[in-house]
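Student: I have a model open and would like to go through it with you, one question at a time. Could you help me read it?

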Amino acid sequence: MVANPYAAYQNNAVTTANPQELTLMLYDGALKFMRLAKLAIDQSNPDLKNINIQKTQAIFQELRLTLNKDIAISANLDSLYDYMWRRLVDANVKNDTTILDEVLDFTTELRDTWKEAMKLAKQS
């Protein structure tokens, strides 16, 4: 019997996902952790804020590592991911939810664009 069926489901979802789905999962994770960081700031919980911002930063590092450098847009995405990573440092140091909102907006736009591109690719 599985101790935590949700954890088993999540593990299975990740191990069976294709690269496009994994990228979407990374965007979703970044959004989730930034929202949790905002909540932690609102609740004056610096430890939880720090943990969630660091998780988000790790996601942006992973997204940077997975870029295909042979594709022209990768350089732009690399710069954007780096910018967002640095903005997260600022948000963490300053306890600034406005900065988190900025990064949330960028990430939401990237996620929505990625999801639409996946949909269009399936139709082709």
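Student: What distance should H4 span at 1.5 Å a residue, and how far apart are its end C-alpha atoms?

Tutor: Happy to start there! This is a predicted model, where local features need pLDDT of at least 70, side-chain atom pairs count only at pLDDT 80 or more, and totals for chains, interfaces and linings use all residues. Residues are numbered from 1 along each chain as its sequence is written, and side-chain values use heavy atoms, with hydrogens and water left out. Helices are DSSP runs (H or I, at least four residues; strands are E, at least two), numbered from the N terminus, and the expected span is 1.5 Å times one less than the number of residues. H4 has 22 residues, so it should span 32 Å, in agreement with end C-alpha atoms that are 31 Å apart.

Student: Which elements do the buried residues of H4 pack against?

Tutor: Buried means under 20% relative accessible area, exposed over 50% and partly exposed in between, with a 1.4 Å probe and protein chains only. In H4 the buried residues are Ser74, Leu77, Asp78, Tyr81, Met84, Arg87, Leu88, Ala91 and Asn92. Taking contact as heavy atoms within 4.5 Å, these buried residues pack against H2, H3 and H5.

Student: What phi does Asn95 take just after H4?

Tutor: Asn95 sits in the loop between H4 and H5. With a relative accessible area of 42%, Asn95 counts as partly exposed. Its phi is positive although the residue is other than glycine, and the value is about 50°.

Student: Where is Ser44, and what is its phi?

Tutor: Ser44 is exposed, with a relative accessible area of 63%. Its place is in the loop between H2 and H3. Ser44 is a residue other than glycine with a positive phi, near 55°.

Student: On to H3, then. Within what arc do its buried residues fall, seen down the axis?

Tutor: H3 has 20 residues and reaches 28 Å from its first C-alpha to its last, close to the 28 Å expected. Its buried residues are Lys49, Asn52, Ile53, Thr56, Gln57, Ile59, Phe60 and Leu63. Judged by the directions from the helix axis to the C-beta atoms, they line one face of the helix, because they fall within an arc of 155°.

Student: Which exposed residues does H3 carry on the face turned away from its buried side?

Tutor: It helps to look at the buried side before the other one. What covers the buried residues of H3 includes H2, H4 and H5. On the face turned away from that side are the exposed residues Asp47 and Leu65.

Student: Is Ile53 buried or exposed, and what is its relative accessible area?

Tutor: Ile53 lies in helix H3. Leaving aside neighbours within four places in sequence, Ile53 is in contact with Ala37, Leu88, Ala91, Asn92 and Leu100. Phe33 is 20 residues from Ile53 in sequence, with their C-alpha atoms 6.7 Å apart. Ile53 is buried, with a relative accessible area of 1%.

Student: Which element gives the most to the largest nonpolar core?

Tutor: A nonpolar core is a set of buried Ala, Val, Leu, Ile, Met, Phe, Trp, Tyr and Cys residues joined through side-chain atoms within 4.5 Å. The largest has 22 residues, and those with the most contacts inside it are Met34, Phe60, Tyr81, Leu88 and Leu100. The elements giving two or more residues to this core are H2 (19–42), H3 (46–65), H4 (73–94) and H5 (97–123). The one that gives the most, with seven residues, is H2.

Student: What geometry does the aromatic pair of Tyr83 and Phe106 have?

Tutor: Rings of Phe, Tyr and Trp (its six-membered ring) pair if their centres lie within 6.5 Å; planes under 30 degrees apart count as stacked, over 60 as edge-to-face and the rest as tilted. By this rule there are two aromatic pairs. Tyr83 and Phe106 are 6.2 Å apart centre to centre with 85° between the planes, and that pair is edge-to-face.

Student: Why does that pair tie together parts apart in sequence, and how many residues separate them?

Tutor: Tyr83 is partly exposed at 29% relative accessibility, and Phe106 is partly exposed at 33%. Tyr83 lies in helix H4 and Phe106 in helix H5, so the pair ties together parts whose separation in sequence is 23 residues.
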